[in-house]
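Got your viewer open? Let's take a walk through this model, one selection at a time.

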Amino acid sequence: MQRNISSIRTSSDGVWQSENPLNYSFPLLIVQTTLVLFTSRLLALLLKPLHQPKVVAEILGGILLGPSALGRNKDFLNLVFPPWSTPILESTASIGLLFFLFLVGLELELTTIRQSGRKALSIAVAGMSLPFEFGVGLSFFLRKAVKGEDKVGYGQYIMFLGVALSITAFPVLARILAELKLLTTHVGQTAMAAAALNDVVAWVLLTLAIAEAGNGSSQAHKSPLVSIWVLLCGVAFVAFMLILVRPMMTWVARQSSPELFVIDEAFICLTLSGVMLSGFMTDLIGIHAIFGAFIFGLIIPKGEEFGQKLITRIEDFVAGLLLPLYFASSGLRTDVAKIQGIEAWGLLVLVISTACAGKILGTFFTAMLCKIPVRESLALGVLMNTKGLVELIVLNIGREKKVLNDEMFAILVLMALFSTFLTTPMVMAIYKPRHRSEQASTPAEELENELRILACIHGPSNVPSVINLMESINGTNRSPLKLHVMQLIELTNRSSSILMVQRVRKNGFPFVSRLCRGSKRDQIASAFEANAQLGRVHHSTAISALSTMHEDICHVAKDRSVEMIILPFYKQWNGDGDEAIKSISHSWIEVNQRVLTTAPCSVALLIEGRFNNPSDQAAELTTTMPKRVAILFIGGPDDREALRLSRRMTGKQLVQLTLVRFLQGQRDDNIREKELDESALAEFRRSDTTIRYEVKAGSNVVEEVTRIGQSRGYDIVMVGKGHHPSCWETAGNHTEIEELGAIGSILISGDQSFFPSILVIQRQKEAAENEATVSQMI
């Protein structure tokens with residue numbers, strides 16, 4: 001049913017007034033948005049086992065809801081997506097696209113593109129030029145083969161088809177590499193650098209295509225000078241933004257306080273208005289509103305806190321709610337039924353084959369000339385064939401400009417969908433990286449003498465407690481400490497976390513990159529480098545989804561022959577004794593649990609000390625004052641591992657060791673464990689006669705442990721995770737935290753205003769079993 005757009009009302013008076021809310025624009029938009037989000041999320045969940053990026057699910061969701069599937073039912077289509085609602089839905093989706101392109105410009109650092117290297121530059125050029133040439137040749141054939149396309153000018157058609165076939169989707173490629181654990185391998189780094197270059201060139205070509213298109217119907221109604229004027233005005237707009245607007249935004253960025261995570265509301269309104277005005281100006285010129293938003297984001301200073309705060313404020317709403325509407329609207333415009341007959345489906349196969357052949361062959365042969373191995377070169381070609389956001393923007397603008405009719409639009413959307421869908425399974429079949437091991441280059445004697453520890457941190461706030469612990473356990477020159485510090489960064493679907501991978505450099509391990517230059521890197525690296533006692537510290541970053549973060553940690557631990565992994569506990573405290581400044585999600589708890597389960601070595605959880613005044617914390621971190629360390633020993637493999645680690649502290653002037661032993665009743669079947677405990681204790685006490693030794697009754701473990709934690713007599717308390725069940729029987733109302741075990745849970749429980757730094761150690765299961773087996777053989 002056709003309706004006059006001027007007669008459409010925003011909201012209804014409700015069902016009690018006998019009105020259908022779906023006949024009104026706002027409630028209908030709510031239903032449409034909810035349906036699109038539900039469908040796309042459901043499809044994303046179903047496609048997750050195939051490692052497909054979210055854009056595939058969002059486009060498929062739009063096709064499923066559109067005239068190709070559910071929309072074939074006219075009643076459903078007229079009820080949920082009536083023709084009169086299309087401009088409203090597309091306008092809302094375009095707002096999301098406008099702000100998303102602003103975020104892309106805000107996050108894009110041109111300096112990283114200049115540092116990409118010759119290989120990436122060569123691959124990017126070949127990966128665009130050959131498919132563009134294929135597109136030019138294909139356009140001459142398609143203008144005659146597709147009905148109605150012969151009315152479009154050659155220049156317009158060549159530009160749009162060439163750009164559509166030559167684009168590589170940078171954010172989608174990053175997500176695929178992340179899923180395949182190839183993000184920082186040689187293949188992944190080269191593909192990302194080439195895709196970033198490809199993205200910049202794609203925006204330039206898109207601008208030229210829009211300027212060339214005009215109204216798209218015919219060159220007869222358009223003066224040839226119009227395209228020139230559009231391009232000249234576009235250049236003038238960029239110059240205006242760089243010369244006048246950029247200094248103003250630099251001033252605005254400097255007004256944002258670096259100490260507080262807040263921005264003046266006036267600056268927020270000014271920036272959002274700037275996005276809209278920039279989009280309006282480029283639309284007025286005749287390019288497209290998204291180009292103005294992209295340039296506005298590009299000119300905002302990247303080194304200030306202002307940009308990151310803007311991203312945090314608006315990204316989730318834009319990328320999570322509004323952007324899926326744009327992908328879905330592309331699917332809703334796609335009518336597969338327009339592809340009719342064998343000839344039309346043959347054209348689809350031809351377009352897909354030409355697009356894939358141009359991208360893959362161009363990249364493959366160039367990579368081979370750059371002396372990249374065959375499998376890696378072929379994998380690069382497949383990865384560069386990934387399509388995404390820019391591809392859909394090109395196709396939608398081509399349809400709006402009447403360069404592409406419904407049939408050609410459907411063919412090209414399916415081409416983009418098919419190319420992206422095939423990327424992951426093809427790369428998995430072609431390329432499996434071989435990870436190098438450091439063990440081969442490290443002498444066996446050095447591996448036996450040195451202690452290798454992998455300390456994981458979330459950020460600069462974890463650094464003091466790690467340094468404090470490492471200073472205590474650092475041994476002599478005959479038994480040095482080799483410390484690997486890995487910063488853990490969550491990789492989400494947010495564009496900022498995906499685009500951050502441009503700023504890290506390859507380190508030879510999957511998902512592990514050297515820390516890039518920047519404020520966080522400087523804070524973390526400088527803190528360790530300033531401490532001469534720790535010697536050379538190896539820094540790295542793990543960028544991964546939390547569901548697979550444990551795999552990266554365990555891989556590096558195994559590859560570097562690490563003897564112990566130290567993980568930060570998920571609770572942190574400030575100087576007032578309250579919970580941490582930043583909340584840590586439950587997913588981080590699951591990361592710790594998975595590492596404890598799958599680690600190839602011993603694992604320790606480090607709980608930062610909780611202080612009720614700053615002087616306590618300053619005293620704990622002062623290296624010139626003796627560190628008071630307590631080892632709580634009840635018995636078992638984990639406690640013996642704590643003893644083994646603490647032996648490295650013996651004989652050091654700046655460490656005062658106290659061994660607190662709890663006497664537990666032993667059953668007959670624990671005789672072997674008791675013998676191992678006594679042997680470990682005797683060896684530990686012989687290592688240093690200055691160690692204080694205290695014996696406590698096992699009947700009041702909870703009271704004694706609580707007293708030790710609150711006594712202020714120790715800076716660090718070390719304890720094993722697992723203990724005899726009778727230990728916990730006396731715990732009363734205390735709740736055990738699975739990762740910390742009984743004693744660790746008691747130490748941090750209650751409303752204590754103070755407790756020391758706590759290290760809860762779990763010995764590798766296989767090592768504990770081997771120890772018990774050897775004991776039985778003896």
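Start by selecting Arg685 and Tyr693: the charged end of Arg685 sits over the ring of Tyr693, 3.7 Å from its centre. Here, a charge "sits over" a ring if NZ of Lys or CZ of Arg is within 6 Å of the ring centre and within 35 degrees of the ring normal. Now jump to Arg399, whose charged end sits over the ring of Phe409, 5.6 Å from its centre.

A quick note before you go on: this is a predicted model, where local features need pLDDT of at least 70 and side-chain atom pairs count only at pLDDT 80 or more, while totals for chains, interfaces and linings use all residues. Residues are numbered from 1 along each chain as its sequence is written, and side-chain values use heavy atoms, leaving out hydrogens and water.

Next stop, helices (DSSP runs of H or I with at least four residues, numbered from the N terminus, just as strands are E runs of at least two). Select H25 (residues 637–646) and H26 (residues 671–687): their axes come within 10 Å and cross at roughly 15°. That makes H25 roughly parallel to H26, a label for angles under 35 degrees (over 145 is roughly antiparallel, 65 to 115 roughly perpendicular, the rest oblique). The axes are lines fitted to C-alpha atoms over the stretch in contact, with angles from 0 to 180 degrees between N-to-C directions.

Now colour helix H19 (residues 463–473). How many of its 11 residues are buried? The count is 10, including Val463, Leu469 and Ile473. Buried means under 20% relative accessible area, exposed over 50%, and partly exposed in between, with a 1.4 Å probe and protein chains only.

Time for some cysteines. Cys456 is buried, at 2% relative accessibility, and Cys356 is buried too, at 13%. Put a distance line from the sulfur of Cys456 to the closest cysteine sulfur, in Cys554: the gap is 9.1 Å, too far for a bond. A disulfide needs two cysteine sulfur atoms within 2.5 Å, and the count here comes to zero.

Over to the aromatic rings, which pair if the centres of Phe, Tyr or Trp rings (six-membered ring for Trp) lie within 6.5 Å; planes under 30 degrees apart are stacked, over 60 edge-to-face, the rest tilted. There are four such pairs. In one, Phe364 and Phe365 have ring centres 5.3 Å apart and planes at 70°, so the pair is edge-to-face. Phe364 is buried, at 16% relative accessibility.

Last, find Ser122 in helix H6 (residues 118–145). Ser122 is partly exposed, at 30%. Its C-alpha is 8.2 Å from that of Ala367, though the two are 245 residues apart in sequence.
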